[in-house]
Amino acid sequence: MDITKPVVAPLIVKRARLSAVWRFLVEPAPSILDPAQRRNARLLSIFLLCLFLLFVLVNLIYRIGVPNYRIPPADLIGYLMLLLTYLTSRTRFTTVAVVALLVMFPLNVFSNVLAGTSINLAATLSFMIPSYVLASIFLSPLWTGVYGYGINLLVLLMPVLAPVAVPDYSFVIGPLSAGTVTVTLCIVAMIHRENIERDRRVALQRDYDNTLAGWSRALEIRDKETEGHSHRVTDLTLQLARACGVRDQELEFLYQGALLHDIGKMAIPDKILLKTSLLTDEEWDVMRTHPKVAYDMLSSISFLEKALVIPAYHHEWWDGGGYPFGLKGREIPLAARIFAVVDVWDALLSDRPYRKAWSREHVIQYFREQAGKQFDPEIVERFLALQKAGD
């Protein structure tokens, strides 16, 4: 007989019940699907529950320790606001709940002070501190500072604005010091956290790019005839993209897409990919599947979503005669239209098993003929101007 069973089983049941109660109290509505929104809603619910317990504890201490103590009307209104914001926090309107709380805190505190219902002014004014923490969780460092230092400025001016309720500065110096220090520490912590996250993103992006470069290199090792092609077209694509007005984060997506532009060829059989003579019609049909293969390979990788347009669409033609989807004109994403020009430029200027490299003049003539057919005419014009400027 297992002597631990009668002890362990009840503990497991109790833990399961506590876990179920906790989920009931803090889990957001099922309609919130975005993970970040769910985290924010859950965090705000926990914050409100802790705040509610704090307020109840303070009121109980006053009720026990202060004769004839009655809960001030402002506190009753505060409890009602806590309930409403708690219910709102678990819905898609978490931001509304945060704003309501940030407004409620100063209204509740200053109402108690001005109404003369505060038993301890310093303690009452110190109740603003949780709002600074809340602001640091959901606002930017700038707006946390605006909110926190703004409230502390009002605390500093209380003896001037309400001399009857706050006779002199000795009543505010403690909560003012604590509030200012809290806001400052929150902002410092936020900036420190943002710097850590930025460093992590940079490191992660570097690892992503190294991985993509490794995939590209693997394809070039397999297909010796295109060795160096990905590196050349990547650099040239970024130059042309800048000339077309692409900036900042979009350039990173172009870089990734250019590296992976032929990744779909990994699925093409060697007898076709490595063939040294012209392909038959049947073999071309297989070769033309590589953009669709790339789309199928990468579409489930969220961080490559915007980079995917180059591997998937760089063989689409401006007049609709390309493959695999038959897109035309501006239906083709800009990144793919930019890359298509660079890709063909480098291919025609390079030797292939079935032909020699074309001369530069021949390639330029081909591009002028294909502007408006195979290529976006505006991008061809910008590209040729870029090449002329580099001569």
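**Helix packing and aromatic contacts in a predicted model**

Pro-324 sits in a loop, the one between α14 (309-313) and α15 (334-348). I start there because the peptide bond leading into that proline, from Tyr-323 to Pro-324, is cis, with omega near 5°. The ring of Tyr-323 has a charged neighbour too: Arg-288 lies over its face, at 5.6 Å from the ring centre. Everything I show today comes from a predicted model.

At the end of that loop comes helix α15, and Leu-334 lies in it. Is Leu-334 buried, partly exposed or exposed? Its relative accessibility is 36%, so Leu-334 counts as partly exposed. Setting aside residues up to four places away in sequence, Leu-334 touches Val-246 and Ile-379. For a sense of distance, Leu-334 and Val-103 are 231 residues apart in sequence, and their C-alpha atoms are 45 Å apart in space.

Now the aromatic residues. How many aromatic pairs does a search of the whole structure find? The search gives 11 aromatic pairs. I will take one of them, Phe-55 with Phe-127. The ring centres are 5.4 Å apart and the planes stand at 70°; an angle over 60 counts as edge-to-face, so this pair is edge-to-face. The two partners come from distant parts of the chain, 72 residues apart. Phe-55 belongs to helix α2 (residues 35-65), while Phe-127 is in the loop between α5 (121-126) and α6 (129-138). Phe-55 has a relative accessible area of 14%, and under 20% means buried, so Phe-55 is buried.

There is also an aromatic cluster, made up of Trp-345, Trp-358, Tyr-366, Phe-367, Phe-375 and Phe-383. And there is another arginine over a ring: the charged end of Arg-90 sits over Phe-24, 5.8 Å from the ring centre.

Next, helix packing, beginning with α2 and α6. Their axes come within 12 Å and cross at roughly 175°. Angles over 145 degrees count as roughly antiparallel, and α2 and α6 are therefore roughly antiparallel to each other. Which residues make this contact? From α2 they are Asn-40, Leu-43, Leu-44, Phe-47 and Leu-51, and from α6 they are Pro-130, Leu-134, Ile-137 and Phe-138. By class, that is eight nonpolar residues, one polar and no charged.

Leu-134, on the α6 side, deserves its own slide. With 0% relative accessibility, Leu-134 counts as buried. Beyond its neighbours within four places in sequence, Leu-134 is in contact with Leu-44 and Phe-47, and also with Val-98, Leu-101 and Leu-102. The C-alpha atom of Leu-134 is 43 Å from that of Ala-258, 124 residues away along the chain.

The other helix pair I picked is α4 (residues 94-115) with α7 (residues 141-161). These axes also come within 12 Å, but they cross at roughly 5°. Angles under 35 degrees count as roughly parallel, and α4 and α7 are therefore roughly parallel to each other. On α4 the contact is made by Leu-102, Phe-105, Pro-106, Phe-110, Val-113 and Leu-114. On α7 the contact residues are Tyr-147, Ile-151, Leu-154, Val-155 and Met-158. The class count for this contact is 11 nonpolar, no polar and no charged residues.

Phe-105 is found in α4 and is buried, with a relative accessible area of 3%. What does Phe-105 contact, leaving aside neighbours within four places in sequence? The list is Leu-51, Phe-55, Phe-127, Met-128, Pro-130, Ser-131 and Tyr-147. Both rings of the edge-to-face pair I described appear among those contacts. At the other end of the scale, Phe-105 and Leu-349 are 69 Å apart from C-alpha to C-alpha, and 244 residues apart in sequence.

Helix α4 also holds Asn-112. Is Asn-112 buried or exposed? Its relative accessible area is 6%, so Asn-112 is buried. Not counting residues up to four places away in sequence, Asn-112 touches Pro-72, Ala-74, Asp-75, Thr-117, Ser-118 and Thr-124.

Last, Lys-14, which is found in helix α1 (residues 5-26). At 53% relative accessibility, Lys-14 counts as exposed. The C-alpha atoms of Lys-14 and Ile-129 are separated by 35 Å, with their positions 115 residues apart along the chain.

Technical notes. Residues numbered from 1 in each chain as written. Predicted model: local features only at pLDDT ≥ 70, side-chain atom pairs only at ≥ 80, totals over all residues. Heavy atoms only, no water. Phe/Tyr/Trp six-rings, centres within 6.5 Å; stacked < 30°, edge-to-face > 60°. Helix = DSSP H or I, 4+ residues; strand = E, 2+ residues; numbered from the N terminus. Buried < 20%, exposed > 50% of the residue type's maximum accessible area, 1.4 Å probe, protein only. Lys NZ or Arg CZ within 6 Å of the ring centre and 35° of its normal. Axes fitted to C-alpha atoms, helices over the stretch in contact; angles between N-to-C directions. Parallel < 35°, antiparallel > 145°, perpendicular 65-115°, else oblique. Contact = heavy atoms within 4.5 Å. Nonpolar A, V, L, I, M, F, W, Y, C, P; charged D, E, K, R; others polar.
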